[in-house]
Amino acid sequence: MQCLSFPPKNHPLQQKSFQPPLTYRRKSSIIECSSRSSFRLNNQIKIAVNNEGIISNRNQHKPSNGHLVPLALQDGYALQSENDHTAAATPSFLEVFKRKLNGIAHLTRPYAWINIIVAVTSVSLLPIQSLSDMTPNFFTGIIMAIVPTILMNVFLCAINQICDVEIDKINKPYLPLASGDLSIGTAIAICVGCTLMSLAMGVMSGSPALLWAQILWFLTGCAYSLPLPFLRWKSHTFMAPFTLVILMGLLLQIPFFIHSQTYVLGRPFIMTRSFIFTTAIMSIFAFVNGLLKDLPDVEGDKAFGMQTLCVLLGKEKVLPLCVNLMLIGYGGAIIAGSSSSSIISKLVTLNYIEYFLIHFLR
C-alpha cells in the first residue's frame with residue numbers, strides 16, 4: 001500500500017494535469033482501480049480501499065493534521081497510519097531485555113574481570129613456599145579477595161561513564177549511557193550497590209589488608225572521575241596514567257600479597273624479590289595503559305579541555321613512547337627470569353623469548 005501526497009490547492013504543480021500510475025473509471029463517489037494504491041486529493045478527503053481494489057472517498061469536516069491521511073478498509077481492517085507504524089515498530093519485551101542486558105555488560109565490562117582474577121590469583125601465589133600451603137583454606141582466601149575486588153572494579157567503570165556521558169557522546173557514542181540504552185539512575189544504583197557489597201565483604205572477611213584495598217580502590221576511583229575541586233585526575237597530564245599505576249600497579253599487588261601472606265597463610269609480612277619485581281613490572285604496564293587508553297579519545301578530550309598527554313603531544317609521539325616503555329618492561333622480565341635460580345622460571349623465560357623473537361621477526 002502506498003500513500004501519495006499532492007501539492008496544496010493553487011500550487012504551481014496543480015496547474016498541470018496529474019496522471020497517477022493507475023487506470024480508473026469514476027462511478028459516482030467510487031473509483032475502481034487496477035492496482036491497490038491510495039492517495040489524497042486535498043486535506044478534506046479520506047480515501048478508503050477495500051479488498052477488491054475499490055477506492056471510495058468521503059468528505060471530512062475536520063482537516064487532517066499531516067500530509068498522510070490514515071486510510072480505512074472495510075471488513076473491520078485498517079491501514080496503518082503513522083501512529084500505527086510507530087506502534088508496530090515498538091520493540092518487544094525480549095528485545096528491550098537484550099538491549100538492557102547488553103548495556104549493563106558495557107557498563108560493568110565483564111572482560112576486565114579476567115584481569116582481576118589473574119592478577120589477584122598470581123599475587124596470592126607469591127608467598128607460597130611449598131605445595132602443602134595450597135590448601136582449601138588458601139583457595140577460599142583467594143576467592144574471598146577476588147569477589148569484592150570485581151565488585152569494586154564495576155564501581156570504577158560505572159562512575160567513570162557516569163561522569164563522562166557528554167564526552168562519550170563524541171568519543172564512544174555506543175556506550176550505554178551515551179547512547180541512552182541505560183539511564184543515569186540505573187548506573188548510579190549499580191555503583192552504590194556494588195560499592196556497598198564490596199565494602200561489606202571486606203569487613204566480613206576479617207582481613208585488614210583486604211578491607212583497606214577496597215577502601216583505597218573506592219577513594220582512588222572517585223578522585224579519578226568525579227568533577228570536584230582538586231579531583232578529576234583523569235583530566236590532568238600525568239595524574240591520569242599515575243592513577244592507573246596506583247590502581248593496577250600498587251593496589252592490585254600489595255594488599256593482596258599481604259592478605260595471602262599474613263591472613264591466609266598466617267605468616268609475618270616479608271617482601272620477597274618476586275613480589276618487588278611483579279609490582280615494578282605491573283606499574284610500568286599500568287602507566288602505559290593509562291597513556292594508550294587516551295589515544296582514541298583525543299577529539300572529545302580536546303572539546304572538553306582535558307589536558308591528557310595525547311592532547312598535548314599528539315598520538316604520533318605518544319604511541320612510540322608507549323611501545324618503548326613496554327619493551328623496557330618486557331626486557332626487565334626477560335632479564336629477571338633468565339637470572340632466576342628457579343629452573344621453571346628459566347624455562348618459561350626461554351619459551352617467552354622464543355615466542356617474542358618469532359613474532360617480532362615475522
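**Cysteines, nonpolar cores and surface of the chain**

The sulfur of C157 lies 9.4 Å from the closest cysteine sulfur, that of C191, which is too far for a bond. C157 is buried, with a relative accessible area of 12%. For C310, the closest cysteine sulfur is in C322 at 6.8 Å, again too far for a bond. C310 also counts as buried, at 2% relative accessibility. In this predicted model, the structure holds zero disulfides.

The chain has 362 residues, of which 38% are buried. Its secondary structure consists of 15 helices and six strands. Among contacts with a separation of 6 or more, 63% are between residues 24 or more positions apart.

The largest nonpolar core contains 39 residues. The residues with the most contacts inside this core are L107, V120, F155, L177, W217, L252 and F256. Two or more residues each are contributed by α3 (111-125), α4 (136-163), α7 (184-205), α8 (208-225), α9 (239-251) and α10 (254-264). The largest share, 13 residues, comes from α4. Apart from its neighbours within four places in sequence, W217 is in contact with I116, T149, M152, N153, L156, L247, L251 and L252. A second core, separate from the largest one, has 13 residues and includes V245, L295, C310 and V311.

Helix α10 was examined further. Its buried residues are P255, F256, F257, H259, S260, Q261 and V264. These buried residues pack against α3, α4, α8, α9 and α11 (273-292). After α10 comes G266, which has a positive phi, near 70 degrees.

At the surface, the accessible area of the chain comes to about 21,400 Å². Carbon and sulfur atoms account for 66% of this area. F93, L94, F97 and L101 make a nonpolar surface patch of about 470 Å². Within this patch, F97 belongs to helix α2 (residues 93-108). F97 has a relative accessible area of 45% and is therefore partly exposed, since residues count as exposed over 50% and as buried under 20%.

Technical notes. Residues are numbered from 1 along each chain as its sequence is written. This is a predicted model: local features need pLDDT of at least 70, side-chain atom pairs count only at pLDDT 80 or more; totals for chains, interfaces and linings use all residues. Side-chain values use heavy atoms; hydrogens and water are left out. A nonpolar core is a set of buried Ala, Val, Leu, Ile, Met, Phe, Trp, Tyr and Cys residues joined through side-chain atoms within 4.5 Å. Buried means under 20% relative accessible area, exposed over 50%, partly exposed in between (1.4 Å probe, protein chains only). Helices (H or I, at least four residues) and strands (E, at least two) are DSSP runs, numbered from the N terminus. Contact means heavy atoms within 4.5 Å. Patches are made of residues with over 30% relative accessible area and no salt bridge: like charges are joined within 9 Å, nonpolar side chains (Val, Leu, Ile, Met, Phe, Trp, Tyr) within 5 Å. Accessible areas come from the Shrake-Rupley method with a 1.4 Å probe; for residues, only the protein chains shown count as cover. A salt bridge is a side-chain nitrogen of Lys or Arg within 4 Å of a carboxyl oxygen of Asp or Glu. A disulfide is a pair of cysteine sulfur atoms within 2.5 Å.
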